[in-house]
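Notebook open, structure loaded. I wanted to look up one helix and some aromatic rings.

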Amino acid sequence: MKRIGLFGGSFDPPHAAHVALAHVALDQLRLDELRWVPAGEAYQKARRLSSAEDRKAMVALAIAGEPRFTLETCELDRSGPSYTIDTVRALSAIQPADWFLIIGQDQYANLHTWGDWPELLQRVTIAVASRSGQSPLASAEVTATPHCVVTLPLPRIDVSATAIRQTVAEGRDYTDMVPGAVARYIDQHDLYRGIPRS
C-alpha cells in the first residue's frame, strides 16, 4: 500500500517552516505522497480565517514544484467543523493506504480534545514535529491508549503564521518568511493589511 501523509492546518498563510517540515516528512517517513489539508471550519481557533479560496490558492502556490505534494480540499468542501477523523474516514474509504498524520507537539499534547481521537489513533501513525529530538509528550488519556507515534525533527526556522500576519499588517518586509509565489499572492490580494490579527 501507498504511504500517504496528511498535513493539516489553517495555512493562513502557508510559510517556510510548513514547507521545510513537509519535506522532512517526505524523507523521514518515506512517503509516496503528502497531502496538504487546509482546514474548513477550524473549530479550535478563535479568530476568523482568511477565505477558503485564498488559503487554497496560497497552498497550491506553496507546494508547486514537488510532485509528491498534493492539495486536498475535502475539509474546505465539507460543511461544519473540520474534524480530522472525518477526513481520515473519507479518504480511507476512497484509497486504502498507510496513513500518517503530521502534527506539532502542541497538537499532540491536546489530541485528547479532538473529535473521536481514540479511533483516529487506530487509523493513522502520528508523526509529531519536535525540536532538539525531544520525545513527544501527550496527555495521560492518549498515553494510555495504544497507538503508533514517531518523531520528526523540526527544522530550525523561527517562523509562524501569526508573526507573518503581524509583519504584513505593520508594513514590514516578510518575503523571507513565505515562498515567493505566496508573497506575491498576499501582495496582489492585499491580505493581512490594516489592523493586526492574532
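My entries on the helix and the rings follow.

**Ground rules.** I'm working on a predicted model, where local features need pLDDT of at least 70, side-chain atom pairs count only at pLDDT 80 or more, and totals for chains, interfaces and linings use all residues. Residues are numbered from 1 along each chain as its sequence is written, and side-chain values use heavy atoms, with hydrogens and water left out.

**Helix α4.** Helices (H or I, at least four residues) and strands (E, at least two) are DSSP runs, numbered from the N terminus. I looked up which residues of α4 (84-94) are buried (under 20% relative accessible area, 1.4 Å probe, protein chains only; exposed is over 50%, partly exposed in between). I got T84, I85, T87, V88, L91 and S92. They sit on the same side of α4, because their arc around the axis (directions from the helix axis to the C-beta atoms) is only 155°. On the other side, A93 and I94 are exposed. The buried residues pack against β1, β2, α3, β4 and α6 (contact: heavy atoms within 4.5 Å).

**Rings.** I paired Phe, Tyr and Trp (its six-membered ring) when centres lie within 6.5 Å; planes under 30 degrees apart are stacked, over 60 edge-to-face, the rest tilted. That gave four aromatic pairs. F11 and W36 are 5.2 Å apart at 40°, so I logged the pair as tilted. F11 is in the loop between β1 and α1 and W36 in β2, so this pair ties together parts 25 residues apart in sequence. W36 and F69 are edge-to-face, at 5.6 Å and 70°. F69 counts as buried at 6% relative accessibility, and W36 does at 0%. F7, F11, W36 and F69 form one aromatic cluster.
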